[in-house]
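Hi,

Here is the structure I promised to pass on to you. Have a look at it first, and then read on for what turned up.

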Amino acid sequence: SVPLVASLMSKWFHKWRGFAISLTLCGNALGQFILVPLLTRFLSYYDWRAAYLVIGGAVLLINLTLAITIIRGDPEAMGQKPFGEDEGMASPEQPKPQTTRDLTLTEALRTRSLWLFLIAMFVCGGGDFLISTHLIPWVSDYGVSGETAGDMLAWYGLLSMAGLLVVGPR
């Protein structure tokens, strides 16, 4: 999800942070372009229950493997610095000055920035997920085959990469 990826990438990149986040999110778009047609064809050959079990098992296995072997949450915990961290900044051995603090849920709910973020995520995410959820059944109602509808959704994902790469680094 976008907040998880943004949080993780923000810890590893100080320089080019927006670009790193947008490149990471391009993995979702590329995955949609590659996997949706494959899964659509898989569903056309097998019962949907079997397809969901195979797909769910594969996703579980891949994500567990990535989480255990590759993804690391905090560079300081591994004795590393985030990319682009200035040499003048505090080293991991020295305590960093505390200039901000975490808000409680009650305090966060009173901030304007949280509500603006929630509205933006609702509009943007609602539009994306509305289309990705209903595109295939909608075009199928007009006589488009499931495979072609899956290809349409795949292209939708690939074309979203352009937006991620243009807007993300800003």
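**Ser 22 and its contacts**

Leaving out residues up to four places away in sequence, Ser 22 touches Leu 164, Leu 165, Gly 168 and Pro 169. Before going further, please keep in mind that this is a predicted model. Ser 22 itself sits in helix α2, which covers residues 17-45. Is Ser 22 buried or exposed? With a relative accessibility of 2%, Ser 22 counts as buried, because the cut-off for that label is under 20%.

Now look from the other side of that contact. Leu 164 belongs to helix α6, residues 146-167. Not counting residues up to four places away in sequence, Leu 164 touches Ser 22, Leu 25, Cys 26, Ala 29 and Pro 169. Its relative accessibility is 23%, so Leu 164 counts as partly exposed. For a sense of distance, take Leu 164 and Ile 55: they are 109 residues apart in sequence, and their C-alpha atoms are 26 Å apart in space.

Thr 40 is another residue of helix α2. Which residues does Thr 40 contact, once neighbours within four places in sequence are left aside? They are Gly 146, Glu 147 and Gly 150. Thr 40 counts as buried too, at 14% relative accessibility.

**The overall picture**

Stepping back, you will find six helices and zero strands in the chain. Reading along the sequence gives the pattern α-α-α-α-α-α. The C-alpha trace spans about 65 × 40 × 30 Å along its principal axes. The radius of gyration is 20 Å, whereas a compact globule of 170 residues would come out near 15 Å.

How much of the chain is buried? Buried residues are 16% of the 170. The chain exposes about 12600 Å², and carbon and sulfur atoms supply 69% of that area. As for contacts between residues at least 6 apart in sequence, 62% of them join residues at least 24 apart. On the charge side, there are 12 positive and 13 negative charges, and the mean positions of the two sets are 5 Å apart.

**Around Trp 12 and Trp 16**

Next, go to helix α1 (residues 2-12), where you will find Trp 12. Trp 12 has a relative accessible area of 18%, so it is buried. Setting aside residues up to four places away in sequence, Trp 12 touches Arg 72, Gly 73, Asp 74, Pro 75, Met 78, Gln 80, Pro 82 and Phe 83. Leu 165, which appeared above as a contact of Ser 22, is 153 residues from Trp 12 in sequence and 19 Å from it in space, C-alpha to C-alpha.

Trp 16 lies in the loop between α1 and α2. In contrast to the buried Trp 12, Trp 16 counts as exposed, at 55% relative accessibility. Its backbone is worth a look as well: Trp 16 has a positive phi of about 60°, although it is not a glycine. Most residues other than glycine have a negative phi. Trp 16 also forms one aromatic cluster with Phe 13 and Phe 83, and Phe 83 is one of the residues that Trp 12 touches.

**Aromatic pairs**

Searching the whole structure gives six aromatic pairs. One pair is Phe 42 with Tyr 46: the ring centres are 4.8 Å apart and the planes are at 40°, so this pair is tilted. Phe 42 is partly exposed, with a relative accessible area of 24%, and Tyr 46 counts as partly exposed at 48% relative accessibility.

What kind of pair do the rings of Trp 138 and Tyr 142 make? Their centres are 5.8 Å apart and their planes are at 80°, so the pair is edge-to-face, given that planes over 60 degrees apart get that label. Trp 138 counts as exposed, at 52% relative accessibility. Tyr 142 is exposed as well, with a relative accessible area of 64%.

That is what I have for you. Happy browsing!

Notes. Residues numbered from 1 in each chain as written. Predicted model: local features only at pLDDT ≥ 70, side-chain atom pairs only at ≥ 80, totals over all residues. Heavy atoms only, no water. Helix = DSSP H or I, 4+ residues; strand = E, 2+ residues; numbered from the N terminus. Rg over C-alpha atoms; globule rule 2.2 N^0.38 Å. Buried < 20%, exposed > 50% of the residue type's maximum accessible area, 1.4 Å probe, protein only. Contact = heavy atoms within 4.5 Å. Areas by Shrake-Rupley, 256 points an atom, 1.4 Å probe, with all protein chains shown as cover. Lys, Arg positive; Asp, Glu negative; His and termini not counted. Charge placed at Lys NZ, Arg CZ, Asp CG, Glu CD. Phe/Tyr/Trp six-rings, centres within 6.5 Å; stacked < 30°, edge-to-face > 60°.
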